[in-house]
Amino acid sequence: MRQSFTLAFASVVWLTCSVCAQQPASPAETRNSKQPGTDSALNDMFEAKIKAEWEAIKNKDKKAYGELLADDYQGVEVDGKGERNKLQALNELAETNVFNYTLWGFKLIPAGPDAALVIYEVTMQFPPKAQVRYSRVYISELWIKRSGQWKEVHYQETHVK
């Protein structure tokens, strides 16, 4: 019994030493290695999709907005009404009063070849006679590539003061 314990302990020590002895990548190797999916073309593509999404919202364009959303889309907005599916999100476009918007702080986090988390902030401007003129919101969107097309499957807003 004691020999089994000693052998197991020695194996753990050997494995730990082997892992610790591995050389980390040099700073030059780290700088020159590309993370999969973080190239500028992918960034540009998602920035264009986000801009198209906000243009569709601003213009109340159900067709353009619907083409960006997955059939199983779920969105949570700052209004506290809970999750909305694709149909609910499209039907609410008629009530939207976004007059203009500014996007900034865009960050793309690839989650494999067919998934990405996109994080950004938007400052929405409402019509001149609206009671609230501006709203700043932090947004996270999950996009998944299905049948060769990127679709938004989840949208989450957090109000920022």
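Modeller: Rings of Phe, Tyr and Trp, the last taken by its six-membered ring, are paired if their centres lie within 6.5 Å. In this predicted model, Phe46, Trp143 and Trp150 form one aromatic cluster.

Biologist: How many aromatic pairs does that rule give?

Modeller: The count by this rule comes to three aromatic pairs.

Biologist: Why is the pair of Phe46 and Trp150 called edge-to-face?

Modeller: The ring centres of Phe46 and Trp150 are 5.0 Å apart, within the 6.5 Å limit, and their planes stand at 70°, which is over 60 degrees, so the pair is edge-to-face. Because Phe46 belongs to helix 3 and Trp150 to strand 6, this pair ties together parts that are 104 residues apart in sequence.

Biologist: What makes Phe46 count as buried, and how do you know that Trp150 counts as buried?

Modeller: The term buried requires under 20% relative accessible area. Phe46 has a relative accessible area of 0%, and therefore is buried; Trp150, at 11% relative accessibility, also falls under that cut-off and so counts as buried.

Biologist: Why is the pair of Trp54 and Tyr101 called tilted?

Modeller: The centres of the Trp54 and Tyr101 rings lie 5.9 Å apart, which is within 6.5 Å, while their planes meet at 40°, a value neither under 30 degrees nor over 60, so the pair is tilted. This pair, too, links distant parts of the chain, with Trp54 in helix 3 and Tyr101 in strand 3 (residues 100-110), 47 residues apart. Both Trp54 and Tyr101 are buried.

Biologist: Which elements each supply at least two residues of the lining of the largest pocket?

Modeller: They are helix 3 (40-58) and strand 6 (149-160), and the largest share, three residues, comes from helix 3. The largest pocket itself has a volume of about 500 Å³, and of the 21 residues that line it, the closest to its centre are Glu77, Asp79, Glu92, Thr96 and Glu157.

Biologist: What is the make-up of that lining by class?

Modeller: The lining of the largest pocket has 10 nonpolar, three polar and eight charged residues.

Biologist: What does the whole protein look like in terms of its elements and its burial?

Modeller: The secondary structure comes to five helices and six strands, which run α-α-α-α-β-β-α-β-β-β-β from the N terminus on. Of the 161 residues, 28% count as buried, and the protein exposes about 10,800 Å², of which carbon and sulfur atoms supply 57%. Among contacts between residues at least 6 apart in sequence, 52% join residues at least 24 apart.

Note on methods
Residues numbered from 1 in each chain as written. Predicted model: local features only at pLDDT ≥ 70, side-chain atom pairs only at ≥ 80, totals over all residues. Heavy atoms only, no water. 1 Å grid on protein atoms, 1.4 Å probe; cavity = no way out; pocket = protein on both sides within 12 Å on 5 of 7 lines; lining within 4 Å. Points joined across faces, edges and corners; volume = space filled by probe spheres on them. Helix = DSSP H or I, 4+ residues; strand = E, 2+ residues; numbered from the N terminus. Nonpolar A, V, L, I, M, F, W, Y, C, P; charged D, E, K, R; others polar. Buried < 20%, exposed > 50% of the residue type's maximum accessible area, 1.4 Å probe, protein only. Contact = heavy atoms within 4.5 Å. Areas by Shrake-Rupley, 256 points an atom, 1.4 Å probe, with all protein chains shown as cover.
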